[in-house]
Amino acid sequence: MDFASLMAKEISKAKESFPSTSTQGDGSEKKYVRRAELEAARVAAYQEEQERLQREREERAAQKRKLEEEEAERKREREEKKRRLAEESRKRREAEEEARERERRKKLGLPELPPRSDSTTSREETPAAENEEDMDEEEVIRKLREMGEPARLFGESHKGRVRRYRRLLKRSQTPQLSKGPIPTTLELVPEKDMKVPPKPPKDREERRYLFCQLASYFNMVLEEWEQAMAKRDMSVQQSFQGRQAYNAMVQSRENMKPLFAKFERGDLEENVLEAIVEIVHCAQERRYVDANDGYLRLSIGKAAWPIGVTMVGIHERSAREKLHENDVNKAHIMSDEITRKYLQSIKRCLSFAQYIQIKYPTIPSLPFLSFPITSTHATYKTEENKYLV
């Protein structure tokens, strides 16, 4: 076989193996394909693939967005539930604290707590009172200026201005507590007006002023006692006796709060008031022996204290009825625990005024002085009161 026949055979094989890629309009196959058609087919396939990928990406994004929205909704529900539980827990805790405070005030005889408004609602969102809209704008502004408050605040509406005026008016009408060891709503009087009469007056206004004098006197003694505790040497303050003296002062201050509450209400028993007025009057006149006698009559009383067998026969003796005398001769220190505590505190204040020997000296102790004793005149310190000063 020559070279020409071999080449013809190979060319025929190549023509038979060439694929037919297109057809003509009449259905016959084309013998060739143009490069533009191949490029158009490739571009169409590429665009179709890109559209398919875009649809898949959009589907995945929509599914992810849906999952994120569901997760955000669940998170919002959890936060709302947590906030609601925290709010309920706070209200329950505040209610328990308020109940404990009311129980403590009731036990100590302090005045009741004012009703507490709910702080969760804002001032602008609180429901308006029935008579909030009956005030004119100019009248509210004039009254606020008379109270020394700004007439308008930034972003404040007329309702908010009326609410602010009523809140300030209510606050100004609330009795303010005085400063001192024992805060009280009574108006304290200066030291020159603290001298109480020997007997409590019958007039209501005079008795109210007497309660102010008593509260001022005990506050003054407690304040002097507290200052005396602070002026001691550090070695004395840290000693066992020094700590005991300080604890006695703090305990006396706490135990006298029910007595101040009775002063504020004016419902102190008549015989107890008479005895306290007698004690304070004698202490102010520096007659501490008479003051201690008045305290003994108030605390122990004059009633018979039977010891042993009180009835030996079948007939009741005439002296037995003295065992049941009340009112005048009964021991008030045995009435209840609160009375016992504030009577004991009165005795401690009396002892401090007697043994401090600085501002309240006994008159017969220094007969050679014709002027009142002050802290600059006291230059001595005895062994029994070294833990007081």
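This is a short talk on the fold, the cavity, one loop residue and the salt bridges of the structure above.

One caveat to begin with: this is a predicted model. Every value I quote is computed from that model.

Let me start with the overall make-up. The protein chain contains 11 helices and zero strands. Read from the N terminus, then, every element is an α, in the order α-α-α-α-α-α-α-α-α-α-α. The chain has 389 residues, and 28% of them count as buried. Its accessible surface is about 27700 Å², with 53% of that belonging to carbon and sulfur atoms. As for contacts, take those with a separation of 6 or more: 61% of them are between residues 24 or more positions apart.

Now the interior. How many cavities of 30 Å³ or more does the structure hold? There is one. Its volume is about 50 Å³. Which elements give two or more residues to the lining? They are α5, residues 204–230, α9, residues 270–284, and α11, residues 337–355. Helix α11 supplies the largest share, four residues. For those following on the screen, the lining consists of Tyr217, Phe218, Val221, Ile279, Val280, Ala283, Ile346, Cys349, Leu350 and Ala353. By class that is 10 nonpolar residues, with no polar and no charged ones.

Next, a backbone point. Helix α9, which we just met at the cavity, is followed by a loop that leads to α10, residues 288–299. Arginine 286 lies in that loop. Its phi is positive, about 65°, although the residue is not a glycine. Is the residue buried or exposed? Neither: at 25% relative accessibility, arginine 286 counts as partly exposed, because the class lies between the cut-offs of 20% and 50%.

The last topic is charge pairing. Side chains of opposite charge can pair when their charged atoms come close. Over the whole structure, the search finds 27 salt bridges. I will go through three of them in helix α2, which covers residues 35–108.

In the first pair, arginine 52 bridges to glutamate 56, with the closest N and O atoms 2.8 Å apart. What is the spacing along the helix? The two are four residues apart in α2, so about one helical turn separates them. Both are partly exposed, arginine 52 with a relative accessible area of 33% and glutamate 56 at 30%.

In the second pair, glutamate 73 meets arginine 76, and the N to O distance is 2.1 Å. Here the partners are three residues apart in α2, which again means a separation of about one helical turn. Glutamate 73 is partly exposed, with a relative accessible area of 35%.

In the third pair, glutamate 98 and arginine 102 form a salt bridge at 2.9 Å, N to O. Both lie in α2, four residues apart, or about one turn of the helix. Arginine 102 is partly exposed, at 27% relative accessibility. Beyond these pairs, there is also a network: Glu137, Glu156, Arg161 and Arg164 are joined by salt bridges that share partners.

To recap, we have a chain of 11 helices, one cavity of 30 Å³ or more with a nonpolar lining, a loop arginine with positive phi, and 27 salt bridges.

How values were computed:
Residues are numbered from 1 along each chain as its sequence is written. This is a predicted model: local features need pLDDT of at least 70, side-chain atom pairs count only at pLDDT 80 or more; totals for chains, interfaces and linings use all residues. Side-chain values use heavy atoms; hydrogens and water are left out. On a 1 Å grid over the protein atoms alone, a cavity is a set of points where a 1.4 Å probe fits but cannot get out, and a pocket is an open set with protein on both sides within 12 Å along at least five of seven lines; lining residues have an atom within 4 Å of a point. Grid points are joined across faces, edges and corners, and a volume is the space filled by probe spheres set on the points. Ala, Val, Leu, Ile, Met, Phe, Trp, Tyr, Cys and Pro count as nonpolar, Asp, Glu, Lys and Arg as charged, and the others, Gly among them, as polar. Buried means under 20% relative accessible area, exposed over 50%, partly exposed in between (1.4 Å probe, protein chains only). Contact means heavy atoms within 4.5 Å. Accessible areas come from the Shrake-Rupley method with a 1.4 Å probe; for residues, only the protein chains shown count as cover. A salt bridge is a side-chain nitrogen of Lys or Arg within 4 Å of a carboxyl oxygen of Asp or Glu.
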